[in-house]
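The following exercises concern the structure shown below. Please attempt each task before reading its solution.

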Amino acid sequence: MGFREDKAARTKYFFQYIYGWKLRKCGACNGSGRYDHNGSPPCSACDGTGKESYKPKEKKMSELVEEISRKVHDSWWQENLRQGVLDHPNMIPYDELADNIKEHDRATVRSVLIALNNLRGYNFKI
Ligand SMILES: [Zn+2]
């Protein structure tokens, strides 16, 4: 395998088994690592560690795009102010923008995410 295939395989492994996984108290032994307090064998669900890994449900991509679009709008607003533009009609809070105007910010965010997928091997499902 060449370097690029290696890297692609590592990236795939990372996003499948490492990225986003968290630890929580084992549900079978309630975090004690054993089934009781009388010297029982270690909990087999967690091998006695008292912890289990889980992957929290990811936010919907549409929610993430919306959150980032809000930030994009705010920084666009700030940049306008920095350049001395004070009276643009879209310089109002994101929530008050018409949906077709918000769509400009969403399109920007989607193209950034697509670029990260293509140029840096991320795996955003847009
Ligand atoms: Zn356990």
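**Exercise 1.** Determine where asparagine 30 lies and whether it is buried or exposed.

*Solution.* In this predicted model, asparagine 30 belongs to the loop between β1 (22-25) and β2 (51-54). Next, count its neighbours: 12 other C-beta atoms lie within 10 Å. A residue with 12 or fewer such neighbours is classed as exposed, so asparagine 30 is exposed. Finally, inspect the backbone: asparagine 30 is not a glycine, yet its phi is positive, at about 55 degrees.

**Exercise 2.** Carry out the analysis for aspartate 47: in which loop is it placed, and is it buried or exposed?

*Solution.* Aspartate 47 is found in the loop between β1 and β2. Its phi is near 55 degrees, a positive value in a residue other than glycine. With 12 C-beta neighbours inside 10 Å, aspartate 47 counts as exposed.

**Exercise 3.** State the order of the elements along the protein and assess how spread out the protein is relative to a compact globule.

*Solution.* The protein contains 3 helices and 2 strands, arranged α-β-β-α-α from the N terminus on. For 126 residues the globule rule gives 14 Å, whereas the radius of gyration is 23 Å, well over that value; the protein is therefore more spread out than a compact globule. The C-alpha trace spans about 75 × 45 × 25 Å along its principal axes. Buried residues make up 6% of the 126 residues.

**Exercise 4.** Into which domains is the protein divided, and how far apart are their C-alpha centres?

*Solution.* The assignment gives domain 1 (3-54) and domain 2 (61-120). Their C-alpha centres lie 39 Å apart.

Definitions and conventions: Residues are numbered from 1 along each chain as its sequence is written. This is a predicted model: local features need pLDDT of at least 70, side-chain atom pairs count only at pLDDT 80 or more; totals for chains, interfaces and linings use all residues. Helices (H or I, at least four residues) and strands (E, at least two) are DSSP runs, numbered from the N terminus. The radius of gyration is taken over C-alpha atoms; the globule rule is 2.2 Å times the number of residues to the power 0.38. A residue is buried if 20 or more other C-beta atoms lie within 10 Å of its own, exposed if 12 or fewer, and partly exposed in between; C-beta atoms are placed from the backbone. Domain bounds come from an automatic or database domain assignment.
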